[in-house]
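Please walk through this structure in running prose, covering its pockets, its strand pairing and its helices.

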Amino acid sequence: MATALKNLSEYTSSGFGDLSQTRIGIVVSEWNEQITNALFQGTMETLIKEGVKTENIVVKTVPGSFELTLGAQKMFKDIYQDDEYKKALGIIVPDAVICLGCVIQGETRHFDFICNAVALGITEVGLRYDRPVIFGVLTTDNLQQAIDRSGGKHGNKGVEAAITALKML
Ligand code: DLZ
């Protein structure tokens, strides 16, 4: 369904159970920062509202959406280390990673390359580690559409991404 017909923040909160031990990674793109900051805010507020603890949320930034995939993969890099090692070094390996970005259609084909690479890369990382990696990336024709979907009249894709992660877990 086109997002113009849907508010991205509408969801039924719903007994996700005890999320106090749930670990979430968030990778945020710095490109179109005004938008990605708003997505991040929506994601954080939703996770915390649903019971995820702040200390169990790991956040990393990357320069642009193209780099989201590698950022997500890095978050899983210690997945096979033993628990003692992770505890000693304070390493948190997330149960799910949420990727937040905003790609706005320009005059070059960059848009297509970035969107395709991110969609494919996110899918691959999730399958490789068998953990949810969420596509919280706005892909819009213009800035106004991005504003409308990052806390504006169509809600906030960051909220949708948070709920999707919790549902997948
Ligand atoms: C280069 C570029 C362009 C033109 N547009 C966007 C965009 O709309 N959204 C975004 O997140 N990133 C953009 N980038 C940066 C690329 O994602 C990437 O960081 C650079 O191509 C370097 O690899």
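In this predicted model, the second largest pocket holds about 160 Å³ of space. Its lining consists of V58, K60, K74, M75, K77, D78, G90, I91, I92 and V93. By class, five of these are nonpolar, one is polar and four are charged. Strand 2 (57-62) and helix 2 (68-75) each contribute at least two residues to this lining.

The largest pocket encloses about 280 Å³. It has 15 lining residues, and W31, V103, I104, H110 and I114 are the ones nearest its centre. The lining comprises seven nonpolar, six polar and two charged residues. Strand 3 and helix 4 each provide at least two of the lining residues.

Strand 3 covers residues 96-104, and eight of its nine residues are buried, so the strand is largely enclosed by the rest of the structure. It pairs in the parallel sense with strand 1 (residues 24-29) over five bridges; within this pairing, G25 has V97 as its bridge partner. Strand 3 also pairs in the parallel sense with strand 4 (residues 133-140), over eight bridges, and here C99 is matched with F135. Together with helix 4 (residues 110-129), strands 3 and 4 form a right-handed β-α-β unit.

Helix 1 runs over residues 33-50, and its 18 residues reach 25 Å from first C-alpha to last, close to the 26 Å expected at 1.5 Å a residue. Its buried residues are I35, T36, A38, L39, G42, T43, M44, T46, L47 and E50. Many of these positions can be read against the helical repeat: an α-helix has 3.6 residues a turn, so residues three or four places apart point the same way. After helix 1 comes G51, with a positive phi near 110 degrees.

Notes. Residues are numbered from 1 along each chain as its sequence is written. This is a predicted model: local features need pLDDT of at least 70, side-chain atom pairs count only at pLDDT 80 or more; totals for chains, interfaces and linings use all residues. Side-chain values use heavy atoms; hydrogens and water are left out. Helices (H or I, at least four residues) and strands (E, at least two) are DSSP runs, numbered from the N terminus. The expected span of a helix is 1.5 Å times one less than its number of residues. Buried means under 20% relative accessible area, exposed over 50%, partly exposed in between (1.4 Å probe, protein chains only). Two strands pair if DSSP finds at least two bridges between them. A crossover is right-handed if, with the strands pointing away from the viewer, the path from the first strand over the helix to the second runs clockwise. On a 1 Å grid over the protein atoms alone, a cavity is a set of points where a 1.4 Å probe fits but cannot get out, and a pocket is an open set with protein on both sides within 12 Å along at least five of seven lines; lining residues have an atom within 4 Å of a point. Grid points are joined across faces, edges and corners, and a volume is the space filled by probe spheres set on the points. Ala, Val, Leu, Ile, Met, Phe, Trp, Tyr, Cys and Pro count as nonpolar, Asp, Glu, Lys and Arg as charged, and the others, Gly among them, as polar.
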